[in-house]
Amino acid sequence: MTDVFVAIAVAIVAVLAQDVLPGRALYHYGWYNAIVAALTIYAISRLRGVRRAHPRATGAFAVLLFGTGVVVFAGIAGGLLAPDTQTLVGAPGASVRSADLGGTLAFPLAPSDPIALERGRSTILIGGGRRYTGGFVLWKVPRSVVYVEAQDAGGNRLTITQPSNATFLSPVLLLQQTTHIAGMTVPVDTFAVPAARRVVKAVLFSAQQAAQLHTTPPIVGSPAVLFAVSDQNDRILPGGIGVLATGQRRALAGLRLRGDVRTYPAITVASAPYLPVLVIGLALALAGAGRLRMVVRADITASKP
C-alpha cells in the first residue's frame, strides 16, 4: 500500500507547489496536469483493492479519495483553465483595470507604498509579500522605469504627451516594448513634445550594457538612456541622438532632455488553487490516510495467529 500513499503524496505536492511557488509556466502544461491526474487514477485503482481486502476501511477510503480529489481538481482547474501568469504595469497614480481579478489596481505615487486592488467596496493592499485572493496570487516586482523631462532652449519645461495624440502622458516611461541595438535586447518607449513638434524615442541600457557603449566620456557603473529625437514625420533630426547617463541633461535637436532611471513596482498575477479549498482537501486526505492506515494495520494484526 506504500505505492498508493506515494502516488497520492506526489499528486498533492505537485498541486500545493502552485501556491508555494506560484507563477511557473510548468503548471499550465498539459503533460504536467496529465501526470497529476494519472497518479490520482492509479491511487484510486489500487485503493479499490485495499477496500475489498479491508471492508472496515470503506469510510477512511472515501474520506481519503474525497480529500485527494478536492486538491487535485483544484490544481488541474488552476493549471488548465486559469490564465497564464502576467505582469500588470501602471504609471504612478494610474489605475489599471484587470478583468481576471475583477477589479482595478491603483498604483501609488511613491514606489515603496502598497498597490491597492479595488473591487467594489473592498480593497486589498499588496505590499512587500504575497497576497492570495480567490484563485490568484499577487506580489510586487521591481522594474526599471525612466522619469523624463523635456525643456526648450530657454529652460522652460515642456508638456509630454502620447506620440499618436495630444493626450497627456505620465513623465514616467514604463518601457513595455523591446528593441535590438548592438546585439543587445533593450526596453524602449516613445513620447511626444507637441510644443516643439518633436517625437522622442527613449531606449534604456542597464549599467552593464551602458559600459559596452562607445560613448564620450564612457558611462561606467550607471544605467543610461539613449534619446532619438525625430520630427512629426518620424525623421531623425540632426544632432538628435544622444546617450545620457541617468540624471544627466543634454541638448538634442532643440530640446533639453533628461532621463532619470529609477525602480518602480509592477504586479505579477499568477493563478493558483484557492488556498482554503486546498487546506480543506489536504486535511481530509490526511485524516483519511491516517484512519486507513490504522484499520489496515489492525486487520493485519488480527489475522496473525
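1. Tyr29 in this predicted model is partly exposed, because its relative accessible area is 40%, and a residue must fall under 20% to count as buried or pass 50% to count as exposed. Tyr29 sits in the loop between α1 (2–20) and α2 (30–53). Together with Leu26, Trp31 and Ile35, Tyr29 makes up a nonpolar patch on the surface, and the four side chains share about 400 Å² of accessible area.

2. Helix α1, which comes before that loop, has 19 residues and should span 27 Å at 1.5 Å a residue; the end C-alpha atoms of α1 lie 26 Å apart, so the two values agree. The buried residues of α1 include Val4, Phe5, Ile8, Ile12 and Val15. Gln18 and Asp19 are also on the buried list of α1.

3. Helix α3 covers residues 58–81, 24 residues in total. From the first C-alpha to the last, α3 reaches 33 Å, close to the 34 Å expected at 1.5 Å a residue. Among the buried residues of α3 are Gly67, Gly75, Gly78 and Gly79. Ala60, Phe61, Leu64, Val71 and Val72 are buried in α3 as well.

4. Four strands form an open sheet in the order β2-β3-β4-β5, and the pairing is antiparallel. The edges are β2 (95–98) and β5 (122–126), each of which pairs on one side only. From one strand to the next, the twist averages 25°. Inside this sheet, β3 (residues 103–106) and β4 (residues 115–119) are joined in the antiparallel sense by 3 bridges. Leu105 stands opposite Leu117 of β4.

5. A further open sheet has 5 strands, ordered β9-β10-β11-β12-β13, again with antiparallel pairing. At its edges stand β9 (177–181) and β13; each has a single partner strand, so one side of each is left without a neighbour in the sheet. Neighbouring strands here are turned by 30° against each other on average, with direction ignored. Between β10 and β11 there are 6 bridges, and the two strands run antiparallel. Val188 faces Val203 of β11 across this pairing.

6. Which strand is mostly covered? Strand β15 (residues 255–271) is, with 13 of its 17 residues buried. Several strands pair with β15. Strand β7 (residues 136–151) does so in the antiparallel sense over 16 bridges, and Gln151 stands opposite Arg256 of β15. Strand β1 (residues 86–88) is also antiparallel to β15, over 3 bridges, with Leu88 opposite Ile267.

7. Strand β14 (residues 249–252) is joined to β15 by 4 bridges, and these strands too run antiparallel. The bridge partner of Arg250 in β15 is Leu257. β14 and β15 form a hairpin with 2 residues between them. In that turn, Ala253 has a positive phi of about 50°.

8. Some backbone values deserve a look. Most residues other than glycine have a negative phi, and most peptide bonds are trans. Arg197 is not a glycine, yet its phi is positive, about 55°. Arg197 lies in the loop between β10 (184–193) and β11 (198–205). Is Arg197 buried or exposed? Arg197 counts as exposed because its relative accessibility is 56%, where the exposed class begins over 50%.

9. Asp234 also has a positive phi, near 65°, in a residue other than glycine. The place of Asp234 is the loop between β12 and β13 (236–245). With a relative accessible area of 64%, Asp234 is exposed.

10. The peptide bond from Thr216 to Pro217 is cis, and its omega is near -5°. Pro217 belongs to the loop between α4 (207–210) and β12 (224–230). A colleague checking the backbone may wish to view this bond alongside the positive phi values of Arg197, Asp234 and Ala253.

Conventions. Residues numbered from 1 in each chain as written. Predicted model: local features only at pLDDT ≥ 70, side-chain atom pairs only at ≥ 80, totals over all residues. Heavy atoms only, no water. Pairing = 2+ DSSP bridges. Axes fitted to C-alpha atoms, helices over the stretch in contact; angles between N-to-C directions. Patch = residues over 30% accessible without salt bridge, like charges linked within 9 Å, V, L, I, M, F, W, Y side chains within 5 Å. Areas by Shrake-Rupley, 256 points an atom, 1.4 Å probe, with all protein chains shown as cover. Buried < 20%, exposed > 50% of the residue type's maximum accessible area, 1.4 Å probe, protein only. Expected span 1.5 Å × (residues − 1).
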